[in-house]
Amino acid sequence: MFIAEVSEKYDLSQDTLRYYERIGLIPRVNRNKSGLRDYTEEDCRWVEFVKCMRGVGLPVEVLIEYLGLFQQGDETQEARKELLIEQRKLLRARMEDMHKVLERMDDKIERYEQTIVKKEKTLGRV
């Protein structure tokens, strides 16, 4: 699959895909005889994984570390697991913070709605 197809499939720009490869966020993609990137299914799985992890806020540096550990082989499985566990812990904390903000926003919106209803009632008395 060529970069344009991968870009469309995963809704990432071609520049982003090249950047991810350049900084080591995804493994090097093989090129065909014409020099064009030719993504394999495994390459696409990495793109999907990185997109997912970036989508929940994992830092690029953490993902580069994870990929480096992965490339070292099976002896790094425990280290990779620990890295993911730590990131999950941080994600849960961020989600709790976001939940508190969401509740506060809901309260604020409710107050606005109550104010609007009161004003509408007074308009009806004119």
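This report walks through the salt bridges, one helix pair and one surface patch of a predicted model.

Residue numbers start from 1 along each chain as its sequence is written. Local features need pLDDT of at least 70, side-chain atom pairs count only at pLDDT 80 or more, totals for chains, interfaces and linings use all residues, and side-chain values use heavy atoms, with hydrogens and water left out.

**Salt bridges**

Side chains of opposite charge can pair when their charged atoms come close. The structure has three salt bridges, each being a side-chain nitrogen of Lys or Arg within 4 Å of a carboxyl oxygen of Asp or Glu.

| Pair | Closest N to O |
|---|---|
| Asp15 and Arg18 | 3.0 Å |
| Arg28 and Glu21 | 3.8 Å |
| Arg37 and Glu21 | 2.6 Å |

Let's take Arg37 and Glu21 to begin with. Arg37 sits in the loop between α2 and α3 (41-55) and Glu21 in helix α2, so their salt bridge ties together parts that are 16 residues apart in sequence. Helices here are DSSP runs (H or I, at least four residues), numbered from the N terminus. Both Arg37 and Glu21 are buried, where buried means under 20% relative accessible area, exposed over 50%, and partly exposed in between (1.4 Å probe, protein chains only). Through shared partners, the salt bridges link Glu21, Arg28 and Arg37 into one network. Within that network, Glu21 counts as buried because its relative accessibility is 3%, while Arg28 counts as exposed because its value is 59%.

The Asp15 and Arg18 pair stays inside helix α2, the two residues being three apart, or about one turn of the helix. Asp15 is exposed at 57% relative accessible area, and Arg18 is partly exposed at 28%.

**How α1 meets α2**

Helix α1 (residues 3-10) packs against helix α2 (residues 14-22) at about 105°, with the axes 9 Å apart. That angle makes the two helices roughly perpendicular, a label that covers 65 to 115 degrees. The axes are lines fitted to C-alpha atoms over the stretch in contact, and angles run from 0 to 180 degrees between N-to-C directions. On the α1 side, Ile3, Ala4, Val6 and Ser7 make the contact; on the α2 side, Gln14, Leu17 and Arg18 do. Contact here means heavy atoms within 4.5 Å.

**A nonpolar patch**

Val101, Met105 and Ile109 form a nonpolar surface patch of about 280 Å². Such patches take residues with over 30% relative accessible area and no salt bridge, joining nonpolar side chains within 5 Å. Areas come from the Shrake-Rupley method with a 1.4 Å probe. Val101 belongs to helix α5 (residues 77-123) and is partly exposed at 49% relative accessibility.

Technical notes: Patches are made of residues with over 30% relative accessible area and no salt bridge: like charges are joined within 9 Å, nonpolar side chains (Val, Leu, Ile, Met, Phe, Trp, Tyr) within 5 Å. Angles under 35 degrees count as roughly parallel, over 145 as roughly antiparallel, 65 to 115 as roughly perpendicular and the rest as oblique.
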